[in-house]
Amino acid sequence: MESPVPPRAAAPGPRRRDRHGRGMRGPIAPPQVPLAASRAELFADLVQDSVERLERRWPQLADIDFMVLEVPRLDGPEGPWNDEAVPLGGIAPASGGRRARVVVYRRPVEIRTKGRDERAALVHEIVVEQVAELLGLTPETVDPRYGED
């Protein structure tokens with residue numbers, strides 16, 4: 001006589017195989033490979049590279065927070081904007097114990113650029129312009145190579 005099949009355990013646990021028996025799929029690339037970095041992380045790296053380039057000449061930039069946001073807010077500190085004037089970056093001066101901030105908006109920059117080199121150049125241009133505005137200087141003073149590309 002056949003013995004009945006015991007019921008499957010109802011406790012959830014990690015699945016060892018997918019429904020086709022091949023095993024669970026892993027990541028496409030290991031985390032230390034650049035392929036594994038998200039677009040947002042790569043963009044943040046471009047901003048950080050630009051800031052590091054400027055900090056050699058302007059050590060006071062260590063007192064400024066640099067941020068990346070996806071898109072500008074419609075009711076942001078820059079005021080309302082329209083279709084012709086979507087901001088690529090912005091500043092918030094220091095006030096009330098809060099450090100000054102420079103913001104770069106990722107999506108508008110990505111839409112306006114085709115490749116990584118073009119994106120890096122535009123990001124650097126935005127960072128230079130925002131730092132110049134925050135410090136009350138011209139962009140050419142902040143970075144002598146501004147506008148050469």
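**View 1. Glutamate 41 sits in helix H1.** This is a predicted model, and the first close-up shows the stretch from residue 39 to residue 55 that makes up helix H1. How open to the surroundings is glutamate 41? With a relative accessible area of 44%, glutamate 41 is partly exposed, because that value falls between the 20% limit for buried and the 50% limit for exposed. Glutamate 41 also has company: together with Asp45, Asp49 and Glu52, Glu41 makes a patch of negative charge on the surface.

**View 2. Glutamate 70 and arginine 106 form a salt bridge.** Here's the idea behind this one: side chains with opposite charges can pair up when their charged atoms come close. In this pair, the N to O distance between glutamate 70 and arginine 106 is 2.6 Å. Where in the chain do the two partners come from? Glutamate 70 belongs to the loop between strand S1 (64–69) and strand S2 (89–92), while arginine 106 is in helix H2 (residues 106–112). They are 36 residues apart, so the pair links distant parts of the chain. Their surroundings can be read from the accessibility values too: glutamate 70, at 38% relative accessibility, is partly exposed, whereas arginine 106, at 8%, is buried.

**View 3. Helix H2 holds salt bridges of its own.** Look for glutamate 110 and you'll find its side chain meeting that of arginine 106 in a salt bridge, 2.9 Å from N to O. Both of these residues lie in helix H2, 4 residues apart, or about one turn of the helix. Are glutamate 110 and arginine 106 buried or exposed? Both are buried; for arginine 106 the relative accessibility is 8%. Glutamate 110 has a salt bridge with arginine 107 as well, and there the closest N and O atoms are 2.8 Å apart. Arginine 107 is partly exposed, with a relative accessible area of 30%, but glutamate 110 counts as buried at 10% relative accessibility. Which residues end up joined in one network? Salt bridges with shared partners tie together Arg39, Glu70, Arg106, Arg107 and Glu110.

**View 4. Leucine 69 is in strand S1 and touches residues from another part of the sequence.** Leaving aside residues up to four places away in sequence, leucine 69 touches Val103, Val104, Tyr105 and Arg106. Take tyrosine 105: it is 36 residues from leucine 69 in sequence, but the two C-alpha atoms are 5.0 Å apart in space. Leucine 69 itself is partly exposed, at 35% relative accessibility. Arg106, one of the residues touched by leucine 69, is also the salt-bridge partner of glutamate 70 from View 2.

**View 5. The whole chain has 4 helices and 3 strands.** Now zoom out from the details. In what order do the elements come? Starting at the N terminus, they run α-β-β-β-α-α-α. The chain has 149 residues, and 29% of them count as buried. Among contacts with a separation of 6 or more, 57% are between residues 24 or more positions apart. As for the outside, the chain exposes about 10900 Å², with carbon and sulfur atoms supplying 53% of that. How many salt bridges are there? The count comes to 6, including the one between glutamate 70 and arginine 106.

Conventions. Residues are numbered from 1 along each chain as its sequence is written. This is a predicted model: local features need pLDDT of at least 70, side-chain atom pairs count only at pLDDT 80 or more; totals for chains, interfaces and linings use all residues. Side-chain values use heavy atoms; hydrogens and water are left out. Helices (H or I, at least four residues) and strands (E, at least two) are DSSP runs, numbered from the N terminus. Buried means under 20% relative accessible area, exposed over 50%, partly exposed in between (1.4 Å probe, protein chains only). Contact means heavy atoms within 4.5 Å. Accessible areas come from the Shrake-Rupley method with a 1.4 Å probe; for residues, only the protein chains shown count as cover. Patches are made of residues with over 30% relative accessible area and no salt bridge: like charges are joined within 9 Å, nonpolar side chains (Val, Leu, Ile, Met, Phe, Trp, Tyr) within 5 Å. A salt bridge is a side-chain nitrogen of Lys or Arg within 4 Å of a carboxyl oxygen of Asp or Glu. Lys and Arg count as positive and Asp and Glu as negative; His and the chain ends are not counted. The place of a charge is taken as NZ of Lys, CZ of Arg, CG of Asp or CD of Glu.
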